[in-house]
Structure formats: structure tokens, C-alpha cells
Amino acid sequence: MYYILKDKEPIPCENILELAEWYKSPNRFLKKDKAADYTISTIFLGIDLNHRDKGDPILFETLVTTDDLENKVEIDRYYTWEEAMNGHERLLNKYTDLPNSAN
């Protein structure tokens, strides 16, 4: 199933074309920060990554990369906007406390 984000809430889409149109907007990029040699970015995926037959859709992701984007350091995924924002802050704090050693 596909989703768009409206007022911090995932809304089911009619089809992938609706999702593709929504993807053109900057609304799927929720937050981006730098910490030491790392970039922490949180996005709305629009596609459910919960591949089990039960449970809520996993629709948000925080990705930590090195500045050169060559290395994915850590990925966390979430069910809700609130969880995604809390996870982003947790990872930002984690990588802010590290020395500049990603290179």
C-alpha cells in the first residue's frame, strides 16, 4: 500500500501515480542535520516497509551517512511521525557526541 503525508499523518493513496505526484513536493523530507562528520536525515517513505502480515505500516526512516555519502552508518525506521522525530533527535545526539572520525 502507498501513503502520502498530510499534517503529520499518513493517508492511504489510491495508487502509485498519486504517490509519485506527491513525491515531487519537498514534504517527504522531514528533517536534516549535521553532526561531526555525519549527516542525519529523516524522510517519509510513502511505501510500507513492514513486510509482515500484521502490524502497522513502517513509513518513516532516519538515515545516518558520512559526509561523502559513501557510507550508510545507521538506519532506523518508524511507524509514526512522532517516533521519527524522536528517533532523529536520538541519533543526532548520538552522533553529535562522537569525535570527527567518520573519514
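At 47% relative accessibility, P12 counts as partly exposed, a class that lies between buried (under 20% relative accessible area) and exposed (over 50%), as evaluated with a 1.4 Å probe on protein chains only. P12 is found in strand β2, where strands are DSSP runs of E with at least two residues and helices are runs of H or I with at least four residues, both numbered from the N terminus. When residues up to four places away in sequence are not counted, P12 touches M1, Y2 and Y3, a contact being defined by heavy atoms within 4.5 Å. The C-alpha atoms of P12 and S25, which are 13 residues apart along the chain, are separated by 17 Å.

The structure is a predicted model, in which local features need pLDDT of at least 70 and side-chain atom pairs count only at pLDDT 80 or more, whereas totals for chains, interfaces and linings use all residues. Residues are numbered from 1 along each chain as its sequence is written, and side-chain values use heavy atoms, with hydrogens and water left out. The mean pLDDT (the predictor's confidence in each residue, from 0 to 100) is 88 for the protein, and 91% of its residues reach 70 or more. Among the elements, the lowest mean pLDDT, 89, belongs to helix α1 (residues 16-23), and the highest, 95, to helix α2 (residues 81-96).

The protein contains two helices and six strands, which follow the pattern β-β-α-β-β-β-β-α when read along the sequence. Its C-alpha trace spans about 45 × 30 × 25 Å along the principal axes. Of the 103 residues, 38% are buried, and among contacts with a separation of 6 or more, 41% are accounted for by residues 24 or more positions apart. The accessible surface, obtained by the Shrake-Rupley method with a 1.4 Å probe and, for residues, with only the protein chains shown counting as cover, comes to about 6,700 Å², of which 51% belongs to carbon and sulfur atoms.

Two buried residues, E61 and L45, are in contact with each other. E61 lies in strand β5 (residues 60-66) and counts as buried at 11% relative accessibility. Its side chain makes a polar contact with the side chain of R77 at 2.6 Å; such a contact is a pair of N or O atoms within 3.5 Å, of which, within protein, one must be able to donate a hydrogen and the other to accept it, while residues adjacent in sequence count only if both atoms are side-chain atoms. Apart from neighbours within four places in sequence, the contacts of E61 include S41, T42, I43, L45, L49, I75, D76, R77 and Y78. L45, in the loop between β4 and β5, is likewise buried, with a relative accessible area of 11%. With residues up to four places away excluded, L45 touches Y23, I58, L59, F60 and E61, and its C-alpha atom is separated by 9.1 Å from that of F29, 16 residues apart along the chain.

Positive phi values in residues other than glycine occur at D7, where phi is near 55°, and at A36, where phi is also near 55°. D7 lies in the loop between β1 (3-6) and β2 (9-12) and is exposed, with a relative accessible area of 69%. A36 is found in the loop between β3 (29-35) and β4 (38-44) and is partly exposed, with a relative accessible area of 32%.
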